[in-house]
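Me: I would like to learn how the words used for a protein structure follow from its numbers. Could we go through some of them together?

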Amino acid sequence: MEMPRPNPEILARKQAVLSRLLQVLPADAVIHDPAETRAYECDALTAYRCPPMLAVLPSNTQEVSDVLRICHEEGVPVVPRGSGTSLAGGALPTADCVILGIARMNEVLETDYDNRFIRVQTGRTNLSVTGAVEEEDFFYAPDPSSQLACAIAGNIAMNSGGAHCLKYGVTTNNLLGIKMVMMDGSVVEIGGAHLDAGGLDLLGVICGSEGQLGVVTEATLRILRKPEGARPVLMGFDDNEVAGQCVSDIIKSGILPVAIEFMDTLCIRACENFAHAGYPDCHALLIVEVEGSEAEINDQLSKIIEIAKRHNPVELRESQSAEESAKIWLGRKSAFGAMGQMNDYMCLDGTIPVSSLPEVLRRIGELSEEYGLPVGNVFHAGDGNMHPLILFDANKPGDLEKCEAFGADILKLCVDVGGCLTGEHGVGIEKRDLMSHQYAPADLEAQMAVKDVFDPKWLLNPAKVFPLDASESRRDVPVAAK
Amino acid sequence: MKPETEAELAEIVAGLTEPVRIVGGGTRGVGGPEATLETSGLSGITLYEPGALTLVAQAGTPVAEIEAALEAEGQQLAFEPMDHRGLLGTSGTPSIGGVVAANISGPRRIQAGACRDFLLGVRYVDGMGQVIKNGGRVMKNVTGYDLVKLMAGSWGALGVLTEVSLKVLPKPEAVATLAVQVADAEEAVQALSTALKSPFEVSGAAFDPQDGRALLRVEGFSDSVAYRAEQLKTTLSGFGEITEVSEPTELWRGLRDVRPFHGQEGDVWRISVKPTDAPDIVTRLETDQTLLDWGGGLIWARVPEGTDLRARLGGFNGHATLVRGDAETADALGRFQPESGEVQALTQGLRQRFDPRGVFNPGLMG
């Protein structure tokens, strides 16, 4: 993956930029020693690394504003960073950038149950937002697998989803308002505790803009009352196509499960070895979870089981206890870890129309043979968000490149059947160069025009999302002219 | 001008020499230039996959045609778009493009989300006459910037929609509605909040001060609806008398379309606030007629013609939109809530980039 060459003009002024930053931040919030900046050299896409020129850890919106104003004046690119859990390289630095880490800003500012929202600083982790309202039986719905570590700032930047978004939506559907610092240091407030922000839906375009439009420091999030209960049913099939048909039939029946998860043989075996969840050994496994009171759960599950039976499942097991439910989910949630024990892996995130599922799985199988790399499939079947995990050996020369080419083929396949490159992880650097496969030049130009308005000098996370050649004329302007 | 295809529409836009008003079904009372650009020629459902919960339609497709197609499969547009004809006294055929362009959402917005939350993809023609696509027809998509959201509720200020792709949902098997007798708006919002804080999945929470009833809707499978309605009665036992409404579907259609205001004189405003701020706002409005939806978060207010409602409210957190009022009032007060300097600069910057010649709905959105 190519990254723009660092600008020597900026590198030469490191000391000047550093001393200006030290005027507005405490010394322990500015990291400049190369031994220490190394801690920020990558996110969860660990195949790519590059230590930043500097890293800063502001404690409040004013400090964020001061940092951005200085970098704006100095023409220094800024890469915002939440918790660094991006799988797409969203927080990957360039050697001439300042990393702006939001981790120190993790306060809860306001909780309001009557109006069903919470206002937080965005360095707060996803799970600890729910943690702050759990006592009152409330929760924050988007639940990415990294929820223990990932920050709300990153969730907003990537418009993160999770296993339960079939019912509750993704970040953008649960975000009511923000305070955001623009690249020039000015602070804007958009939306609030009311449901619809007025005017153009700026909140909608900022959410998912991968930290390229501004640095969100505070967020007002919708919180929901926890359902009375939830329970999964496990079903195994001997054929992917049949499992896909079962998913479609469940959805058509009028039931809206809170989650429908799918795993194929390789993942089933890996997860079973790892978590001992009692998964059957079969071609396709579905975990379908429903919510409500005990009676409502029984009612929905009996309808779902009736549908599943029409598809000749090899296994059909309703969870009998909270313990068993937890075990079933532990297996699924440890899928990435379990695959990681087998080898290095690359995780993809393409989304497809649910009806194309059998065709796409068959084609992925064929590609796997062509490339000679095994692939496991685990994904959110209800909304077509796939997570193929390609196994490779990072120590074997050429394997990473082969894996990347395989991944690109899978993502192109997703686009070709009417889907998209990424459902919830974001484009980052990983899928940047594939954007032209999904979007025509005019479509990309329309998106880049939005960045032109928010960040005319293209200093915020500039080397992400758009193919480098498409954004070059905007990025590659001499510092003095910026 | 009434093009029959997207390509023809793009050609017309590229050749525009003066501003136009974009018209879908012409039912939502958008003012503007005399010259019109109509989308009703771009009509028809292009794809409907009930098992994938997705529907794609050309922008000029009548909402009624889409609702009929969904009905046949036991599905619906869950955001419950309002029909403005009764309130505005307009005629014509509401189009799906108009619904999306105005981000029209009804009572179920509190539970299911707004129109923008169900919009998966768009095709539109920008101010230069270029056809642009964004999003797609899958439910999770973070590929590039979300211009889909930006187009929803942009009232044609950034482009002319030609095709929209929507997420649809199963239509509930059963509906029940409880009416709780309350003393005033304050007690009403308390009752609505209490219900919305419960785990019983309330999908409608409104209050009509005319009859003093706080209204709560639950939907789903029959047994579940019966159970949740009973549970809600217990939860709300501290409030006034609770009765079950006999024709809930018709009741909510009336609330959705603000039926109590139909045929009444005056301007109509729509105010979006934090629900618990609503009682105070209602008092400050000093008006004869209001209707509360979204648990109090949406206030409909009818005031004498030409009233500067925002001045009456003073500073408040939220926004007020003039939905019905003559051109003079709209020009003097602005149909939409004035924005802060920074936000206004962003809005104008986006308009400038999407429609540099300023040919779409000038004056409508900042």
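Reply: Gladly; what follows is a set of questions and answers about this predicted model.

Me: Let us begin between the chains. Why are H11(A) and H9(B) called roughly antiparallel to each other?

Reply: Start with the angle: helix H11 (residues 294-309) of chain A and helix H9 (residues 222-235) of chain B pack at about 170°, and their axes are 10 Å apart. Angles over 145 degrees count as roughly antiparallel. The two helices therefore earn that name.

Me: Which residues meet there?

Reply: From H11(A) come A:Ala295, A:Glu296 and A:Asp299, and they meet B:Asp223, B:Ser224 and B:Tyr227 of H9(B). By class, this contact of H11(A) with H9(B) has 2 nonpolar, 1 polar and 3 charged residues.

Me: What makes H9(A) oblique to H11(A)?

Reply: Again, look at the angle. H9(A) and H11(A) pack at about 140°, with 10 Å between their axes. Roughly antiparallel needs an angle over 145 degrees, and roughly perpendicular covers 65 to 115. The value of about 140° fits neither range, so H9(A) is oblique to H11(A). Their crossing is right-handed.

Me: Which residues make that contact?

Reply: H9(A) brings A:Cys246, A:Asp249 and A:Ile250, while H11(A) brings A:Ile304, A:Ile307 and A:Ala308. The contact of H9(A) with H11(A) is made of 5 nonpolar residues and 1 charged residue, with no polar ones.

Me: How many residues does each chain bring to the contact between chain A and chain B?

Reply: Chain A gives 74 residues and chain B gives 67. Among the elements of chain A with two or more residues on that side are strand E9 (187-191), helix H8 (202-206) and helix H17 (441-454). H17(A) has the largest share, at 9 residues. The side of chain A that touches chain B divides into 31 nonpolar, 29 polar and 14 charged residues.

Me: Now the sheet in chain B. What makes E3 and E7 its edge strands?

Reply: The order of this open sheet of 5 strands is E3-E4-E8-E6-E7, with antiparallel pairing. Strand E3 (45-49) and strand E7 (131-135) each have a single partner strand, so one side of each has no neighbour in the sheet. On average, neighbouring strands here are turned by 10° against each other, direction ignored.

Me: How do you know that E4 and E8 of chain B are paired?

Reply: Pairing requires at least two bridges between the strands. Strand E4 (residues 54-58) and strand E8 (residues 160-167) of chain B are joined by 5 bridges and run antiparallel, so they meet that requirement. B:Leu55 stands opposite B:Leu166 in E8(B).

Me: Where do the domains of chain B begin and end?

Reply: Domain 1 of chain B spans 6-170, domain 2 spans 174-256 and domain 3 spans 259-333. The C-alpha centres of domain 1 and domain 3 of chain B are separated by 26 Å. Their contact takes 8 residues from domain 1 and 10 residues from domain 3. On the domain 1 side, the largest share, 3 residues, comes from H3(B).

Me: How far apart are the centres of domain 1 and domain 2 of chain A?

Reply: Those C-alpha centres lie 30 Å apart. In chain A, 5 residues of domain 1 are in contact with 7 residues of domain 2.

Key
Residues numbered from 1 in each chain as written. Chains lettered and ligands numbered in written order. Predicted model: local features only at pLDDT ≥ 70, side-chain atom pairs only at ≥ 80, totals over all residues. Axes fitted to C-alpha atoms, helices over the stretch in contact; angles between N-to-C directions. Helix = DSSP H or I, 4+ residues; strand = E, 2+ residues; numbered from the N terminus. Parallel < 35°, antiparallel > 145°, perpendicular 65-115°, else oblique. Contact = placed C-beta atoms within 7 Å. Nonpolar A, V, L, I, M, F, W, Y, C, P; charged D, E, K, R; others polar. Domains from an automatic or database assignment. Left-handed = near helix turned anticlockwise from the far one by under 90°.
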